[in-house]
Amino acid sequence: MLIDAKTEGAVLVARPLVQRLDASVADSFRGSMSELMAAGGQRVLLDLEEVQFIDSSGLGAIVSIYRRLGRAGALAICGLTSPVLELFRLTRLDHVCPVYPDKAAALAALAG
Amino acid sequence: MKILVADDSNDVRVILSKLLQKWGHDVVTVDNGEAAWQVLRSQPISFALSDWMMPGLDGLELCRRIRAADFPHYVYVILLTARDDKSDLIAGMEAGADDFLTKPFNRDELRARIRAAERVLDLERTLEQRNQHLSQINAKLEDAYQRMRNDLEAAARVQASLLPRHATPHPGVRVDWLFCPAAVVAGDTFNYFALDERNLAFYHLDVAGHGVPSAMLSVTLSRVLSADLKAGSPLLKFSPEAPDRPTITPPHEVVLELNRRFLDDDCLLYFTMVYGVMDTHSGVVTLCQAGHPNPFRVSSHGEVETLGGGGFPVGMLPDVEYHSLELRLAPADRLVLYSDGIPDCSGPRDEPFGTERFARFLAELSPLPLHELVVNLQKRLPSWRGNDIYEDDISLLVIEMQ
């Protein structure tokens, strides 16, 4: 799956370039993110600004990244479009995964 | 290689036979086209050297018959001819000849043309073997696919058998439902059953993903969340002091226990659900919403109230808390549980059906009998979508207070 990935300071900024993060791309998203994290990305900013829809498989992939980073690393999420934000609220994941209103705030939190 | 020689001249047959045998080939000779045709039809010969001009069936007609026949192998034909006119060669090629040898022929040229024929025939044989191999593989795949298809359909029947029966009555309530799986087997499941003479348990759940692994988990869950209320069921609490009088487990504790039992560290097979208990005498409902779409309470006057404020999915995160909420259904009130397949059902230009449209639909149909609601939704969604093939399971469970 196409992910725009770059390093800003010590942070891996990953921006999935899909409108739908669903079952058809979830496995490939998991695989690509695993490779990026294995290559040293332990502080990860997931920028979801392109994503308009996340299904259960896509959500599972995001939470598995959060759980995998665990205590050793850190995840921040930004760029939530309104349907995605609604899903995060419904599943309370906005209480678990650190969600920031914009990229600057997320980067600042990961740097701190 | 076995070679058929067809020529009405005895001299040509003798010379060719001697040469070809000297070069290691088996030779069958005939003196006319009809005899050549009979030999080719009865023996697996892939190479013919035929005279063009023969009485009766000539070389051109022999070529046409060979090309029109459905032999299981290719027949390479060299026409022997005194003609070397361009238009003759074209006529020969159109009839299906592969090559030509001008009489009187030169033996080196004959040998070279036979080698060329062998190369083509070798290639043809290799391709034929590969084709046969592929056909066998194809047949095996077709067979395996058919078996998997049959197994899936058997699994779908098992799943359907676990759903409540429409006729199942429960005093004090009316219940109806709709279920349209996206693949053959589904990740959605739901049920309702009596916990005791007064209390009705109900749930609606949606396992992440589609297909067999999701369906297997949903079948497992429908076994755990069943009317088989013996010790070990998470739905009741059995105390050593009063083993015959278990108490009803509060819904959020049931969900907490499911989260503990079904935690998947890879977050692949988790599920969202609503589990609740309804006191059918008083209409008081206690329910726990876990990552599932917000249920609706629809009054008989068409007022739609969205219930719940979300909750964590089940089996995704360890050590999370769940909460129960309480409400009271007035007579004719409906409690509507559904999976995200309904609001996410995309129609023209990928526009989702949406929660608001679904709520309006429930309001408009509130005066109609409950079964009419289900029948109408079963028509409304395909007409929104343009077909009845869904990307996600569509399911709905409605409980109406009497």
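**Exercise 1. Which residue of E7(A) does Ile77(A) stand opposite?**

Solution. This is a predicted model in which local features need pLDDT of at least 70, side-chain atom pairs count only at pLDDT 80 or more, and totals for chains, interfaces and linings use all residues. Residues are numbered from 1 along each chain as its sequence is written, chains are lettered from A and ligands numbered from 1 in the order in which they are written, and side-chain values use heavy atoms, with hydrogens and water left out.

Step 1. Find the strands; helices (H or I, at least four residues) and strands (E, at least two) are DSSP runs, numbered from the N terminus. E6(A) covers residues 74–78, and E7(A) covers residues 99–100.

Step 2. Check the pairing, for which DSSP must find at least two bridges between two strands. E6(A) and E7(A) pair in the parallel sense over two bridges.

Step 3. Read off the partner: Ile77(A) stands opposite Val99(A).

**Exercise 2. Describe the other partner strand and the side chains of E6(A).**

Solution. Step 1. Strand E4 of chain A, residues 43–47, pairs with E6(A) in the parallel sense over five bridges. Within this chain, Cys78(A) of E6(A) is the bridge partner of Asp47(A).

Step 2. In a regular strand the side chains alternate between the two faces of the sheet. From E6(A), Ala74(A), Ala76(A) and Cys78(A) point one way, while Leu75(A) and Ile77(A) point the other way.

Step 3. Five of the five residues of E6(A) are buried (under 20% relative accessible area; exposed is over 50% and partly exposed in between, with a 1.4 Å probe and protein chains only).

**Exercise 3. Lay out the open sheet of chain B and the helices on it.**

Solution. Step 1. The five strands come in the order E6-E17-E16-E13-E14, with antiparallel pairing.

Step 2. E6(B) (173–180) and E14(B) (304–306) stand at the edges with a single partner strand each, so one side of each has no neighbour in the sheet. On average, neighbouring strands are turned by 20° against each other, direction ignored.

Step 3. At one end, E13(B) (296–298) and E14(B) pair over three bridges, and Arg297(B) stands opposite Glu305(B).

Step 4. Helix H8 of chain B (355–364) packs on the sheet, touching E13, E14, E16 and E17, and makes about 25° with the direction of E13(B). Axes are lines fitted to C-alpha atoms, for helices over the stretch in contact, and angles run from 0 to 180 degrees between N-to-C directions; contact means heavy atoms within 4.5 Å. Helix H9 of chain B (370–385) lies across E6, E16 and E17 at about 15° to E6(B).

**Exercise 4. Classify the ring pair of Phe179(B) and Phe190(B).**

Solution. Step 1. Rings of Phe, Tyr and Trp (its six-membered ring) pair if their centres lie within 6.5 Å; planes under 30 degrees apart count as stacked, over 60 as edge-to-face and the rest as tilted.

Step 2. The two centres are 6.0 Å apart and the planes stand at 70°, so the pair is edge-to-face.

Step 3. Phe179(B) is in strand E6 of chain B and Phe190(B) in strand E7 of chain B, 11 residues apart. Both residues are buried, and ring pairs link them with Trp177(B) into a cluster.

**Exercise 5. Describe how chains A and B meet.**

Solution. Step 1. Count the contacts: 18 residues of chain A touch 26 residues of chain B.

Step 2. The two chains bury about 1600 Å² between them, 58% of it on carbon and sulfur atoms (the accessible area, 1.4 Å probe, that two parts lose on being put together, summed over both).

Step 3. Arg67(A), Leu90(A) and Arg92(A) supply 40% of the area that chain A buries against chain B, more than any other three residues.
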